Amino acid sequence: MRRFSAVSGRAVPIDRENVDTDQIIPARHLKRIERDGYGPFAFEAWRRDPEFALNDPVYEGATIMLTRSNFGSGSSREHAVWALDGLGIEVLVGVSFADIFKNNCFQNGILTVELSGEDIDHLMGIARKTPQTEIVVDLSAQTVEVVGNGWKRSFQIDPFHKYRLLRGLDDISMTLEYVSDIEGYEQRRDNASLPSTAVSPQTNVQWRSNH
Amino acid sequence: MTGKTLLEKIWETHIVDSPLQEAARRDALREGGALDDDNMAGERPDLLYIDLHLIHEVTSPQAFEGLRRAGRPVRRPDLTLATVDHNVPTLARDQPNPDPLSAKQIDVIQRNAEEFGVTLFDIFDARQGIVHIIGPEQGFTQPGMTIVCGDSHTSTHGAFGSLAFGIGTSEVEHVLATQTLRQTRPKTMSVEITGELGPGVTAKDVILAIINEIGVSGGRGHVIEYRGKVIRNLSMEERMMVCNMSIEAGARAGLIAPDEKTFEYMRGRPHAPGEDNWGGALERWRQLPTDDDAQFDREISMDGSSMRPFVTWGTNPAQSVTVDGHIPHLQDVAKAERESAERALAYMDLAPGTPIREIPIDRVFIGSCTNGRIEDMRAAAAVVKGKHVARGVSAMVVPGSGLVKRQAEEEGLADIFIAAGFEWRDAGCSMCLGMNPDVLAPGERSASTSNRNFEGRQGPGGRTHLVSPQMAAAAAVAGHFVDVREMIA
Ligand code: SF4
């Protein structure tokens, strides 16, 4: 995973509550078996509206996405994060994020920053009125800063997430350092108490499809 | 000492590593000089063991690819079960799949299952079906377990008193490689439903009422434990329905304490403990329910006796109203939600003040991991028996698994549906998410027993109203929403 330090760039405003992952990437685009290539389909339906922020060339190259509360709700599809990554988004700044989506962001080195509703109002205003404004999100310092006008806020982040992001650590390698604990747990546990999925196929010979 | 909640009991028995253990290890390592001080913040979340990992074709290909690249095996193939459900066709399965991308995803999970030694309930396996239906059906889902799947409706399995939650594909890879997950312990929330449900009021209406009350992010960061008389009186399949939609309230998972009904439902299922181990299993399971003196982080209580059948009118599952109501006037919507209500009404093409019962529908979908079980089939069949789908309405029933389908055929339910003009399909997710050809055309309006009414969920431009199977069946017959309580009176 890539290391995250500080990101500075323009912010594109997605000024809606409860943006669900079906909007971020519709199900019909989940058929790919790769992790990339989803960017062109991000917000596909909303992009049909010429007024939608992502259609405005002024936000091209934005690395920060501004949003409201409960962003990323609904489906667990990590494709939603891959799609945002495909758009070049490195930081999401909003009031709140859905639990699974937030985990998926961290797994991909994308930072989610939670600020108050008033702070988001302020940033939305800036992103709309002066879209060229440079915003800096510094993970080490845990701050969001609007370059040039002195506006600065700090944010909270889970220390473990911060640690992982700053170092770009791969979760699986980290956990595999605990393999002896895992083995120990497996030995302590009464294995017979868990149902085994190692069962043979039951092809339904009577199987007949409807037409 | 205060008692523990069901969540805490499951959590604590699954901790593989926690910061507390780590403190001791760090001291030991530091003495040996092997650890740099900066390593591994002590605040890291617990490492939890996963007892059952369910897999499907859409969220797993990248995970297996990751394993392959790193040269890692699946740690516990014997605790991993795969199926195909999301994009399988529900018609003409013996013909080549018309969608090459879906066909490829199905091929890929077959290859991965074989290469990594994972059991797959494949498209022609009698037990194939929606991942959250087949786990309980086969007896794999058991009280006190930790269960994950790359799918948000994994919360369904919580109906058995197991901690079950959805994860993303990177976490799927993590579980495949390590059989564990690092997770922050969620907060606990008790949702108590008192009283008794009236006739025609279902588990679907209970969860829609809860989501309407607490909102689509009301459960964020929490595991909800559903309690109270109404929940105790629900059947196991109804409890699964309630837990299924926990994610629609933003919760991490839903839980219901196991009781005699749970054990009764499980007994004799293919992978439930056999008679020899049954007594021991019961003894363990009976320890699980939340202690009387346990504390929840948050508690709410609602009266089930006053609940009525719900219909969603908007584009999130909290935007709903009882069937005797009408589309809200914007001035009656809370200020913070007005803008999204306005947007939803425009998308749904609905005018404020319209009575719910006057909304005409084009399509009916009965199925999904929410309402695709045998009791749902029975409930819907009872409403349509001897009647016919209204002119201009196209209606389909998609059983949740191959075994549900077979049982419904044996019970004569399929004949009832077919005689009433419904299409009777093969098992899969189907029009719940529209990855296969079962989709709404732009502008079409459906009464659907699934769980999400998001914009475009059932097809681009499609308009979804979430209802119970009874309400969907009644709407199919009438051609518009009706109060099912009047039909069964
Ligand atoms: S039926 Fe719908 S909600 Fe359930 S697993 Fe399938 S797509 Fe997801």
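Modeller: A residue counts as buried when its relative accessible area is under 20%. This is a predicted model, and that cut-off applies to Asn18(A).

Biologist: Is Asn18(A) buried or exposed, then?

Modeller: Asn18(A) has a relative accessible area of 19%, so this residue is buried.

Biologist: Where is Asn18(A) placed in chain A?

Modeller: Asn18(A) lies in the loop that runs between strand S2 (11–13) and helix H1 (21–24) of chain A. Its phi is near 50 degrees, a positive value in a residue other than glycine. Most residues other than glycine have a negative phi.

Biologist: And what is the phi of Gln142(A)?

Modeller: The phi of Gln142(A) is positive, about 55 degrees, although this residue is not a glycine. Gln142(A) belongs to the loop between strand S6 (135–138) and strand S7 (143–146) of chain A. Its relative accessibility is 18%, so Gln142(A) counts as buried.

Biologist: Changing topic, how many residues does each chain bring to the contact?

Modeller: Chain A contributes 72 residues and chain B contributes 93 residues. About 6900 Å² is buried between chain A and chain B, with carbon and sulfur atoms giving 52% of that area.

Biologist: Which three residues supply more than any other three of the area that chain A buries?

Modeller: They are Lys31(A), Tyr178(A) and Thr197(A), which supply 11% of the area that chain A buries against chain B.

Biologist: Where does the ligand sit?

Modeller: The ligand occupies the largest cavity. Residues surrounding the ligand include His86(B), Asp151(B), Cys369(B) and Arg457(B).

Biologist: What is the make-up of that shell by class?

Modeller: The shell around the ligand has five nonpolar, five polar and two charged residues.

Terms used: Residues are numbered from 1 along each chain as its sequence is written. Chains are lettered from A and ligands numbered from 1 in the order in which they are written. This is a predicted model: local features need pLDDT of at least 70, side-chain atom pairs count only at pLDDT 80 or more; totals for chains, interfaces and linings use all residues. Side-chain values use heavy atoms; hydrogens and water are left out. A residue is near a molecule or strand if one of its heavy atoms lies within 4 Å of it. On a 1 Å grid over the protein atoms alone, a cavity is a set of points where a 1.4 Å probe fits but cannot get out, and a pocket is an open set with protein on both sides within 12 Å along at least five of seven lines; lining residues have an atom within 4 Å of a point. A molecule sits in a cavity or pocket if more than half of its atoms lie within 2 Å of its grid points. Ala, Val, Leu, Ile, Met, Phe, Trp, Tyr, Cys and Pro count as nonpolar, Asp, Glu, Lys and Arg as charged, and the others, Gly among them, as polar. Helices (H or I, at least four residues) and strands (E, at least two) are DSSP runs, numbered from the N terminus. Buried means under 20% relative accessible area, exposed over 50%, partly exposed in between (1.4 Å probe, protein chains only). Contact means heavy atoms within 4.5 Å. Buried area is the accessible area (1.4 Å probe) that two parts lose on being put together, summed over both.
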